Amino acid sequence: AEISYHMSAGDLFIRLMKDDPSTVKGAETLILGEMLTLPQNFGNIFLGETFSSYISVHNDSNQVVKDILVKADLQTSSQRLNLSASNSAVSELKPECCIDDVIHHEVKEIGTHILVCAVSYTTQTGEKLYFRKFFKFQVLKPLDVKTKFYNAETDEVFLEAQIQNITTSPMFMEKVSLEPSMMYNVTELNNVSAGIESESTFGRMSYLQPLDTRQYLYCLKPKPEFAEKAGVIKGVTVIGKLDIVWKTNLGERGRLQTSQLQRMAPGYGDVRLSLELIPDTVSLEEPFDITCKITNCSERTMDLVLEMCNTRSVHWCGVSGRQLGKLSPSASLSIPLKLLSSVQGLQSISGLRLTDTFLKRTYEYDDIAQVCVVCPYTSPES
């Protein structure tokens, strides 16, 4: 019964290894002991992972030594870090006994790292001795992250993050989130709703194979207290930073945070015109309503006049050339307007003109938006 139990457990282990997409091909042929045997050197460690090492100082002699001090430092290209759990000396170490220590360090730099282990002690004759050992390893970049920004007319900003696994092993993507700056609220667009629960667009097995790339999408919307300022912000603005957490084959966890992502705010000139309300579909030759928002992006007060010019397919309903009054810097004004279309199909709304009477300067707005014009009735069959 005992032999049968071990055989079935082994068969189960091999089957799980074969079914696991993160397992290196052929790894199921290795015995468990070989898998857990560490190499003589550290090999490659990736940025964002935690470097852990077990240090053991063993007394190989037949004499008691005293005042043993074990120190572990990690030398990088920019700094030297003390990783020892304790900096106090051990009073004595008997033959065949050892001093053990486990050190941890979250790797935050790329390049060559050297673990320097130094031991000082005093012999029975009072002689003070000292020796060091060096262990070198490379820290590599695990992920390649690229970002793209898309600006919506409604002051929303869409961020696309392309994340590529540039290691040689699969990794489990535990979390990819965006921590927005104080100006924005963020909505993640990487899940598909299925009733009460939502499922990742990448499926349940969230493995990223070597050299594979995924696109993550986020929508950032200005908070209410910043919404009025969003339309007039110029220059570079801070959006937020990405927080990425992954696990490798044997469950080691890694985490990377990008630096603050920045985008160049779009330039709208002196006056910005945007749409707050517009229908997707309208009926042929029937009036429909839209709401325009006019924002003064300049540093001076404007006195604006609104003119509406008809096009071949879209006609404005109302009085053209009306005064909108004075508009101070960074202020906005919402204007309800009425139109009708005489042509079916996808039609462009054009023909708005704003004139600043102070400077006698006219701003033209064409192709503001598109509406689908449909016929609400069908002709009787002959």
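This is a guided tour of one predicted model, stop by stop.

**Before selecting anything**

Residues are numbered from 1 along each chain as its sequence is written. Because the model is predicted, local features need pLDDT of at least 70 and side-chain atom pairs count only at pLDDT 80 or more, while totals for chains, interfaces and linings use all residues; side-chain values use heavy atoms, with hydrogens and water left out.

**The whole protein**

Start with a cartoon view, which should show 3 helices and 30 strands. Helices (H or I, at least four residues) and strands (E, at least two) are DSSP runs numbered from the N terminus. Switch to a surface: the accessible area is about 22,900 Å², and carbon and sulfur atoms account for 53% of that area. Accessible areas come from the Shrake-Rupley method with a 1.4 Å probe, and for residues only the protein chains shown count as cover. Of the 382 residues, 36% are buried. Buried means under 20% relative accessible area, exposed over 50%, and partly exposed in between (1.4 Å probe, protein chains only). A contact means heavy atoms within 4.5 Å. Among contacts with a separation of 6 or more, 68% join residues 24 or more positions apart.

**The four-strand sheet**

Next, select β25, β23, β28 and β29. These 4 strands form an open sheet in that order, with antiparallel pairing. At the edges are β25 (322-327) and β29 (361-365), each of which pairs on one side only. From one strand to the next, the twist averages 25°. Its angles run from 0 to 180 degrees between N-to-C directions; the axes are lines fitted to C-alpha atoms, for helices over the stretch in contact.

Now keep only β23 and β28, an antiparallel pair with 5 bridges. Two strands pair if DSSP finds at least two bridges between them. Which residue of β28 is the bridge partner of Leu 306? The partner is Leu 354.

**Leu 304**

Select Leu 304 in strand β23 (residues 302-308). Its relative accessible area is 2%, so Leu 304 is buried. Setting aside neighbours within four places in sequence, the contacts of Leu 304 include Ile 294, Arg 322, Leu 324, Leu 327 and Thr 355. Draw a distance to Leu 354: the two residues are 50 apart along the chain, but their C-alpha atoms are separated by 6.3 Å.

**Thr 355**

Move to Thr 355, in strand β28 (residues 352-356). Thr 355 counts as buried because its relative accessibility is 14%. Show side chains and look for Thr 362: its side chain makes a polar contact with that of Thr 355, at 3.1 Å. A polar contact is a pair of N or O atoms within 3.5 Å; within protein, one must be able to donate a hydrogen and the other to accept it, and residues adjacent in sequence count only if both atoms are side-chain atoms. Beyond four places in sequence, Thr 355 touches Asp 303, Leu 304, Val 305, Glu 307, Arg 361 and Thr 362.

**The cysteines**

Go to Cys 117 in strand β7 (residues 111-122). Is Cys 117 buried or exposed? Cys 117 is buried, because its relative accessibility is 11%. Its contacts beyond four places in sequence include Ile 55, Lys 71, Phe 131 and Phe 135. Leu 74 is 43 residues away in sequence from Cys 117, and 8.8 Å away from C-alpha to C-alpha.

Two further stops are Cys 219, buried at 9%, and Cys 372, partly exposed at 30%. The structure holds 0 disulfides, a disulfide being a pair of cysteine sulfur atoms within 2.5 Å.
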